[in-house]
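Work through the following exercises with the coordinates open, and try each task before reading its solution.

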Amino acid sequence: SAVLGAASVFLVYQLGQKLFHNKTIGLLAAWFLAINFFHLANSHYGQTWTAQTFFILLVLAWSVYFYQKEKISWRDYFMAGVLIALAFSINFVGVISYFWFLLAHWLKHSRPNKFIKTFILNKNFWLTNLVFVLLVALVYYLNPFGLNNYFGRILNPDPAAKSYSLLSLASLKILLSYLWHGFIAEPILFLLAIPSAVLVWKKNRIAFYFLVPWLIIYLLFLAPLTNPMTRYLLPIVPLLAILIAFLLDYLKQKFSLSVKALVILVVILSLPSLVFSVLFDARMLKKDTRAMAYRWVIENIQSGSRINNLGVGGEMPLVENQEAVKLIEEKMPALYSTKRKYLASLADDVYPRPNYFIINYPGLVADDYNYEYLIVSDFDKSALFAVVAKFDRPKELIQFFYPSESDPFPAKQELELPFNLYSFNPWFLFCSYDHYGPYVEIYQLGKNN
């Protein structure tokens with residue numbers, strides 16, 4: 001994530017320079033992404049979103065190169081299909097980058113009343129589509145779990161699970177939620193985006209076509225297909241940085257600002273991100289309650305024990321024993337990942353230890369299963385009591401790990417900082433606690449009555 005986050009900064013520099021033929025805009029855009037708190041914070045996590053952003057930017061950079069190249073060949077179309085497929089393979093939203101290929105192809109070949117020749121009869125155009133489809137099929141072959149997971153959610157018939165209708169009220173609420181939480185996370189970028197876009201429309205239509213329509217399409221695509229998780233907004237941040245860079249360069253020329261004045265203005269606009277980044281790293285450097293709980297479990301709970309870990313789930317990477325792996329293969333084949341296939345292939349003498357019959361997903365065993373241990377976790381401390389109360393059997397709290405070691409304990413909204421959550425408010429970074437992470441409690445359970 002850190003490497004691809006840094007590589008995205010370079011791509012943004014190239015895009016700002018190429019789209020506007022202005023090195024200053026490229027440097028300013030690169031700076032705003034390099035210090036951007038949202039981008040920096042996501043680059044800390046081993047999740048898909050920094051990689052997703054990089055490969056989406058790579059498609060945009062290639063599309064701009066494609067458009068500006070004097071002579072193009074089938075090799076350029078072949079590479080377009082490869083890059084779009086790579087963007088899609090990270091996460092399904094990467095397919096929206098296909099828009100840039102369509103735009104570059106249209107701008108390169110469009111002639112009045114030549115739609116059929118430009119698209120339908122163009123062999124190179126269909127080469128890109130063929131390469132994309134074949135590589136998506138390869139991705140599915142290599143990682144069916146990942147694609148089944150995404151398509152399963154999209155095709156889920158449960159109306160409570162999603163809206164999946166662009167004009168539905170639910171979709172509109174999700175779109176507004178994205179805009180609101182995006183503003184909370186990045187107020188300066190979101191405030192300056194509209195005047196910057198208007199200015200780009202007036203001064204450079206081609207740059208506008210490459211930057212602004214995709215932002216709108218992306219948000220409209222997200223609203224009906226996802227729940228409002230702020231991390232989904234990360235791919236739009238580099239484009240916003242380019243727009244703001246253009247605005248600042250325009251103001252510099254319009255009002256004949258000195259380099260010193262421009263630097264002061266850039267520092268002022270960068271200050272919130274810089275402060276949040278320092279505070280975030282200070283909190284990240286603290287011991288994580290989940291990591292502390294993980295270490296305690298492997299040092300104190302015997303290998304082979306039966307553990308209910310629905311509270312923490314995969315965030316505590318305890319090794320499932322072969323019985324648990326086989327159970328997942330039988331009852332939840334969609335979760336039978338490459339990692340679990342590898343574990344299932346191992347002989348007992350080389351199987352990782354300690355390992356546990358650990359249940360991370362509901363529905364694998366009966367509710368009254370005879371667990372030996374229970375691990376519960378939540379950013380809301382009051383929610384732990386309700387979870388524990390569901391186990392009508394003797395139980396003893398044998399260890400706990402809290403973000404604060406003394407009362408008053410912080411509230412949920414003060415702690416929910418990771419970007420896999422529905423919302424994110426960086427202003428709570430000004431609160432300081434002993435540890436990073438949620439409340440975690442570990443119980444030893446008695447036998448069923």
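Helices and strands are here DSSP runs, a helix (H or I) having at least four residues and a strand (E) at least two, and they are numbered from the N terminus. The model is predicted.

**Exercise 1.** Where is S305 found, and which residues does it touch beyond its neighbours in sequence?

Solution. Begin with the secondary structure: S305 sits in the loop that runs between α15 (289-300) and β1 (306-308). Next, consider its accessibility, for which buried means under 20% relative accessible area; S305 has a relative accessible area of 6%, so it counts as buried. Its side chain reaches the backbone oxygen of Q302 at 2.7 Å. Finally, once residues up to four places away in sequence are set aside, S305 touches Y356, F357, E372 and Y373.

**Exercise 2.** Locate S97 and F88, and decide for each whether it is buried or exposed.

Solution. Take S97 as the starting point, a residue in the loop between α5 and α6 (98-109). Its relative accessible area is 0%, and S97 is therefore buried. Leaving out residues up to four places away in sequence, S97 touches V59, I84, A87 and W214. The C-alpha atoms of S97 and L60 are separated by 7.1 Å, although the two residues are 37 residues apart along the chain. Turn then to F88, which belongs to helix α5 (residues 74-90) and, at 8% relative accessibility, also counts as buried. Between the C-alpha atoms of F88 and A170, which are 82 residues apart along the chain, the separation is 26 Å.

**Exercise 3.** Identify which residues touch the most other members of the largest nonpolar core, and which helix supplies the largest share of this core.

Solution. The largest nonpolar core holds 86 residues, and within it F20, F210, W214 and Y218 touch the most other members. Helix α12 (residues 205-225) provides the largest share of this core, namely 12 residues. Another core lies apart from it and has 22 residues, including I328, M332, V388 and Y443. To follow one member of the largest core in detail, choose F20: aside from its neighbours within four places in sequence, F20 is in contact with I25, V200, N204, A207, L211, I242 and F246.

**Exercise 4.** Why do the buried residues of α16 line one face of the helix, and what do they pack against?

Solution. List the buried residues of helix α16 (residues 322-331), which are A324, V325, L327 and I328. Viewed down the axis of α16, its buried residues fall within an arc of 160°, and therefore they line one face of the helix. The general background is that an α-helix has 3.6 residues a turn, so residues three or four places apart point the same way. The buried residues of α16 pack against β2 (319-320), α17 (338-345) and β3 (355-359).

**Exercise 5.** Determine which elements give the most to the linings of the second largest pocket and of the largest cavity.

Solution. For the second largest pocket, which contains about 460 Å³ of space, there are 27 lining residues, with N308, L310, D367, K390 and F391 nearest its centre. Both β4 (373-378) and α18 (381-389) supply at least two residues of this lining, and β4 gives the most, with five residues. As for cavities, the structure holds three of 30 Å³ or more, and the largest has a volume of about 140 Å³. It is lined by 14 residues, of which E186, I188, L189, L269 and S273 are the closest to its centre. Here α11 (187-203) and α14 (259-284) each supply at least two residues, and α14 gives the most, with four residues.

Terms used: Residues are numbered from 1 along each chain as its sequence is written. This is a predicted model: local features need pLDDT of at least 70, side-chain atom pairs count only at pLDDT 80 or more; totals for chains, interfaces and linings use all residues. Side-chain values use heavy atoms; hydrogens and water are left out. A nonpolar core is a set of buried Ala, Val, Leu, Ile, Met, Phe, Trp, Tyr and Cys residues joined through side-chain atoms within 4.5 Å. Buried means under 20% relative accessible area, exposed over 50%, partly exposed in between (1.4 Å probe, protein chains only). Contact means heavy atoms within 4.5 Å. The arc is that of the directions from the helix axis to the C-beta atoms. A polar contact is a pair of N or O atoms within 3.5 Å; within protein, one must be able to donate a hydrogen and the other to accept it, and residues adjacent in sequence count only if both atoms are side-chain atoms. On a 1 Å grid over the protein atoms alone, a cavity is a set of points where a 1.4 Å probe fits but cannot get out, and a pocket is an open set with protein on both sides within 12 Å along at least five of seven lines; lining residues have an atom within 4 Å of a point. Grid points are joined across faces, edges and corners, and a volume is the space filled by probe spheres set on the points.
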